[in-house]
Every structure is written in C-alpha cells, then in structure tokens.
Amino acid sequence: MALPQAAALLAASLTLAVSAAAALADPPAAASRGPVSSGLTGPATVVSPPKTTPSGSEALDVSLSPECRVPGSKLYTLARLGAVKLALKEKRPVRVLTVGGSSAGLGASATYPVKLETALERSLPNVDVVVESRGMQGEIASGAAERLRNMVAELEPDLVIWQVGTHDALARVDADVFATALAETVQWIKGHEIDVVLVNPVYTASLADDEYYTSLVRKVQEVAEHEGVPLVQRYEAMRYLSGLSQKGEGHLLGSQFRLNELGLRCMAEHVTRAITLSLLQADPGAPLAPVIVPPRDAAAKAASPPPSILVRPGD
C-alpha cells in the first residue's frame with residue numbers, strides 16, 4: 001500500500017493510537033509499574049493506568065472486538081519500540097517476524113499471520129506492514145534460540161513477536177534455564193536494533209493450579225520487565241475471557257493447546273493493541289507525559305523509559 005510523504009506518516013499513525021487510547025482514558029497517559037518480586041532489577045515497563053467504570057470495576061478496552069475485550073491491566077505491559085518508530089519515520093514497510101506455536105502454517109493457525117497483518121494495518125493507516133511467520137512447533141526456548149537467530153539474520157525484521165513458554169512448560173524445562181535462554185535471546189535480538197514483543201503461554205483451566213506452569217508464565221513477565229520489552233499477557237487475557245463463557249477456554253482453545261479461529265483473532269488484536277500503545281511511549285530524553293495513577297498509588301511516579309532500544313516476540 002502507498003506510504004504518505006514526509007513525517008506525516010508517523011504523525012498519522014500515532015494520532016490514531018492516541019485516539020484509541022482516549023477511549024480508555026481521559027487524557028492518554030502512563031503510570032509506572034515496578035518489577036515483580038523476582039530478584040530481577042531491570043528497568044520498569046510502562047503501562048496504561050487502570051480505568052474504572054461507575055461500578056468501580058476496571059473498564060474493558062473498547063478498541064477491541066466485543067468478544068476479545070479485556071481490561072488493559074490483564075492484556076499488556078508496554079515499552080518503547082524504537083525500530084518500528086524508525087521504520088515509520090523513514091516511510092518504509094514495517095517488517096514483522098512472528099514465531100511460535102500459532103505462527104505455524106497448519107490448520108486454523110495458518111490464518112494468524114493474515115489476521116495480525118490486517119489488524120496492524122488497520123491500527124497504522126497508510127503503513128505497509130509485512131508479516132513473515134515461522135512456526136517452531138514443540139520447540140523450547142533454548143532449542144529455538146539458534147533457529148530464531150538464523151531467521152532474524154535472514155529476514156532482518158524491525159520487530160520480532162515471540163510466543164514463548166507453552167512448550168517449555170509442557171516439557172517441564174527448568175524454570176531458571178528457560179528464563180536464562182529467553183533473556184539471552186531477547187538481548188541478542190535487541191543488540192541488532194530489532195524490537196521484540198513477548199507473548200506468554202496460553203491459559204487452560206487444567207493447568208491453572210499447576211505451580212510449575214504458572215511459574216513459567218511469571219518468568220516470561222519477569223524477562224519482559226527486566227529487558228524492557230512489551231509483553232502481551234495472553235495467559236491473563238485468556239483466563240479473563242474464559243470466565244465469561246460457559247465453555248471456559250474451549251471457545252478460544254482447540255486441541256493440543258492450539259488457539260482456534262476466535263482465539264487467533266483475539267490474539268492478533270491483543271498483540272496489535274500492545275504494539276500500538278507501545279508506539280506512544282516516550283523516547284529517551286523526551287519530556288514525560290502527565291502521569292495518572294490509581295488512588296491507592298498516589299505516591300508512585302512514572303519511570304523514565306530505559307535508554308536501550310526495546311523489542312517484542314511469540315510461542
């Protein structure tokens with residue numbers, strides 16, 4: 001699709017993102033969120049503050065399809081996407097590599113890259129988004145690292161979306177070994193000035209009380225926070241949506257932990273939302289936006305964005 005002239009491209013795309021954010025907040029703003037109690041001490045990611053309804057509950061993100069709507073706090077944590085911003089400024093196509101279970105070209109999952117590309121181009125009007133999908137079915141993070149690096153070197157994407165953790169959890173990989181492999185690969189991608197978005201494991205009621213499975217969900221969050229990359233909280237989003245349906249996660253999840261058509265569409269929308277809002281995060285050295293914090297957190301202050309280029313990912 002044709003790209004607009006000069007810096008109008010970036011302005012137009014970010015204006016749309018601001019408009020979408022305005023549906024959830026009075027002014028678009030960001031509050032800080034400190035690291036989870038994991039012993040990791042990296043830069044805090046930036047998240048949109050919770051919005052409440054008259055009843056006091058957190059408002060749903062109305063920019064999403066009705067069947068995919070969840071509160072922002074259950075959907076994403078945000079961070080800068082420097083490489084994607086650069087592509088917008090240079091008026092060139094944004095190249096996206098999506099890897100992980102739902103990226104394979106089998107059955108319903110074959111439609112995911114199309115859904116993702118469509119959702120991204122709707123959120124970034126007049127921007128050409130090229131999504132390349134590579135499945136890594138059944139591969140754990142440590143084993144996938146070398147293949148992922150080869151893919152990155154071959155395709156030279158601006159953004160990597162990595163769905164990660166589900167297969168590691170099913171294989172009962174040591175949690176610390178998993179976290180180390182994930183962090184090292186994210187650091188390698190960032191070191192090549194490529195953005196990363198992580199997508200954590202799927203939710204299923206059968207494993208909701210499995211301490212090991214949920215520990216790997218937390219590990220993905222910890223790595224995202226420590227490395228300063230956006231995270232799509234697929235586990236929390238699916239758990240929320242599953243609680244609204246009599247079928248539980250069955251209306252989102254098919255056999256063998258694969259997302260069905262609705263699950264894939266929701267994930268494409270959720271990933272797009274995290275990317276769109278991450279593009280609003282301030283660049284290093286830029287003036288901070290006004291801070292809105294929840295009443296109980298009135299003393300909290302927004303953290304400055306990390307100085308390094310940020311990234312994103314999938315599983």
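Let's start with strands β4 and β5: in this predicted model, β4, residues 94–99, pairs with β5 in the parallel sense over six bridges. Within that pairing, R95 stands opposite V130 in β5. Zooming out, the two belong to an open sheet of six strands, ordered β3-β8-β7-β6-β4-β5, with mixed pairing. The edges are β3 and β5 (129–134), and each has a single partner strand, so one side of each is left without a neighbour in the sheet.

Now, on to the covalent link. Searching the whole structure gives one disulfide, between C68 and C266, with the sulfur atoms 2.0 Å apart. C68 sits in the loop between β2 (46–47) and β3 (76–77), while C266 is in helix α9 (residues 261–278), so the disulfide ties together parts that are 198 residues apart in sequence. For those of you who like torsions: the one about the S-S bond is about -80 degrees, so this disulfide is left-handed. Both cysteines, C68 and C266, are buried.

What about charged pairs? The whole structure has 14 salt bridges. One of them joins the side chains of E67 and R265, at 2.4 Å from N to O. Here too, E67 is in the loop between β2 and β3 and R265 is in helix α9, so this pair also ties together parts 198 residues apart in sequence. E67 is partly exposed at 35% relative accessible area, and R265 is partly exposed at 27%.

Helix α9 comes up again with K115 and E261, a salt bridge whose closest N and O atoms are 3.1 Å apart. K115 lies in helix α3 (residues 112–123) and E261 in α9, 146 residues apart. Finally, back to R95: salt bridges with shared partners join E90, R92, R95 and D158 into one network.

Definitions and conventions. Residues numbered from 1 in each chain as written. Predicted model: local features only at pLDDT ≥ 70, side-chain atom pairs only at ≥ 80, totals over all residues. Heavy atoms only, no water. Disulfide = S-S within 2.5 Å. Helix = DSSP H or I, 4+ residues; strand = E, 2+ residues; numbered from the N terminus. Buried < 20%, exposed > 50% of the residue type's maximum accessible area, 1.4 Å probe, protein only. Pairing = 2+ DSSP bridges. Salt bridge = Lys/Arg side-chain N within 4 Å of Asp/Glu carboxyl O.
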